[in-house]
Amino acid sequence: MTRVLSCLQPTGDITLGNYLGAIKHWVDDQSSESFHGVVDLHALTVSVDPEQLRARTLSTALVLLAAGLDPESTCVFVQSHVPEHAQLSWLMTCTVSYGELSRMTQFKDKSDKIGDQGFISAGLFTYPALMAADILLYDAEEVPVGDDQRQHLEITRDIAQRFNSRFGDTFVVPKAAIPKVGARIMDLQDPTSKMSKSADSPQGTVLLLDDAKTLEKKIKRAVTDTDGEVRFDPATKPGLANLLTILAVATGGDPASLAEKYTQYGPLKTDTAAALIEFLRPVHERFAELQANPDYVSKALATGADKARAVASVTLDRAMTNAGLLHR
């Protein structure tokens, strides 16, 4: 069985796009060889409020559990609960070059946004070393990555190969796995842009935990067009196509076929809102149950941390021994 690692940063509220594009697939494919981490250490690379970080970390873990990841059959953990991540990160930092890190697109983009007057942490620069540690700790053979993360996986492969060359066979060199293609959910107010948890327009972003009234309001205010014809045409009618896609996901239908049932936008929006509310109801109900049972959640995350450490500690010990570090 192939070992797979997929992680999520607690840097914003989970969107419908995150759920359909990643989390739902993790749930469908979960096994004893699946590792799913909430990587809270990565959130420290930019300024963050401690209470907000704690709340978002817990909320993200709750979403993973509420979505259907079973802590008994798969590994759900919080990154900072597994100290091997930070320990291996130093070995990775000493194996990657300054030049490689300086060429990372994400560092350039984020530091440009912060600007000359802001605080740019060294952690933002060395972030890829921690990400490499995340991946290599679990001997993951496959890492599902989108286009925005391919550069990070490539540098992880380079680090692993360099370490293996210097110190002997230590790490599994992971391969990129093409994620299953889910429905591509676009921003409701700007249907030419992908829905994002960092979006500037909150009305355009459907959050996974939005209540029924909020979901209905956002769907009914979604941008469409002015010609009034209902048809599935992402190229010329992106707003309408986005609504039909959401309706198709929520009902298990086909967007083009669903379009044939409507002659007006109003009823389509009403039905899409109602279907989406029902589609997300099980996740909402399970999330509420978990919130009301903090002991269960604490135990689930502790179990996940133990499972993660059982694998990570072996890898870290191998890496430290091969690098020449003296054990106690």
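I call a residue buried when its relative accessible area is under 20%, exposed when it is over 50%, and partly exposed in between, with a 1.4 Å probe and protein chains only. Helices (H or I, at least four residues) and strands (E, at least two) are DSSP runs, numbered from the N terminus.

What I am reading is a predicted model, in which local features need pLDDT of at least 70 and side-chain atom pairs count only at pLDDT 80 or more, while totals for chains, interfaces and linings use all residues. Residues are numbered from 1 along each chain as its sequence is written, and side-chain values use heavy atoms, with hydrogens and water left out.

**Entry 1: the N-terminal strands**

I began with strand β1 (residues 4-8) and found that four of its five residues are buried, so the strand is largely enclosed by the rest of the structure. I then looked up its pairing, for which DSSP must find at least two bridges between two strands. Strand β1 pairs with strand β2 (residues 34-38) in the parallel sense, over five bridges, and C7 stands opposite G37 in β2.

Next I followed the chain from β1 through helix α1 (residues 16-28) to β2, and noted that the three make a right-handed β-α-β unit. Right-handed here means that, with the strands pointing away from the viewer, the path from the first strand over the helix to the second runs clockwise.

**Entry 2: helix α2**

I checked the length of helix α2 (residues 50-67) against its expected span, which is 1.5 Å times one less than the number of residues. Its 18 residues should span 26 Å, and its end C-alpha atoms are 26 Å apart, which agrees.

At the N-terminal end I found D49 as the cap, with a side-chain oxygen 3.2 Å from the backbone nitrogen of E51. For such polar contacts I use a pair of N or O atoms within 3.5 Å; within protein, one must be able to donate a hydrogen and the other to accept it, and residues adjacent in sequence count only if both atoms are side-chain atoms. After the helix comes G68, whose phi is positive, near 125 degrees.

What covers the buried residues of α2? I count contact as heavy atoms within 4.5 Å, and the covering elements include β1, α1, β2, β3 (75-78), α11 (265-291) and α12 (294-323). Among the buried residues of α2 I noted L53, T57 and T60.

**Entry 3: salt bridges**

I took a salt bridge to be a side-chain nitrogen of Lys or Arg within 4 Å of a carboxyl oxygen of Asp or Glu, and by this rule the count comes to 15.

I looked first at E51, which forms a salt bridge with R54, the closest N and O atoms being 2.5 Å apart. Both residues lie in helix α2, three residues apart, about one turn of the helix, and both E51 and R54 are exposed.

I then turned to helix α8 (residues 212-220), where E216 and K220 are four residues apart and thus separated by about one helical turn. Their side chains meet in a salt bridge at 3.2 Å, N to O. E216 counts as partly exposed at 33% relative accessibility, and K220 counts as partly exposed at 39%.

In helix α11 I found E289 in a salt bridge with R286, the closest N and O atoms being 3.2 Å apart. E289 counts as partly exposed at 47% relative accessibility, as does R286 at 30%. I also noted that salt bridges that share partners join D225, D227, E229, R231, D233 and K237 into one network.

**Entry 4: L136 and T156**

Is L136 buried or exposed? It lies in helix α6 (residues 122-136) and is buried, with a relative accessible area of 0%. Leaving aside neighbours within four places in sequence, I found L136 in contact with M92, T156, A160, F171, V172, P174 and T315.

I followed one of these contacts to T156, which is found in helix α7 (residues 150-167) and is also buried, with a relative accessible area of 0%. A polar atom of the T156 side chain lies 2.9 Å from the backbone oxygen of H152. With neighbours within four places in sequence again left aside, T156 is in contact with M131, A132, I135, L136 and P174.

I closed with α7 itself, whose 18 residues should span 26 Å and whose end C-alpha atoms are 26 Å apart, which agrees. The buried residues of α7 include H152, T156 and A160, and just after the helix G168 takes a positive phi of about 95 degrees.
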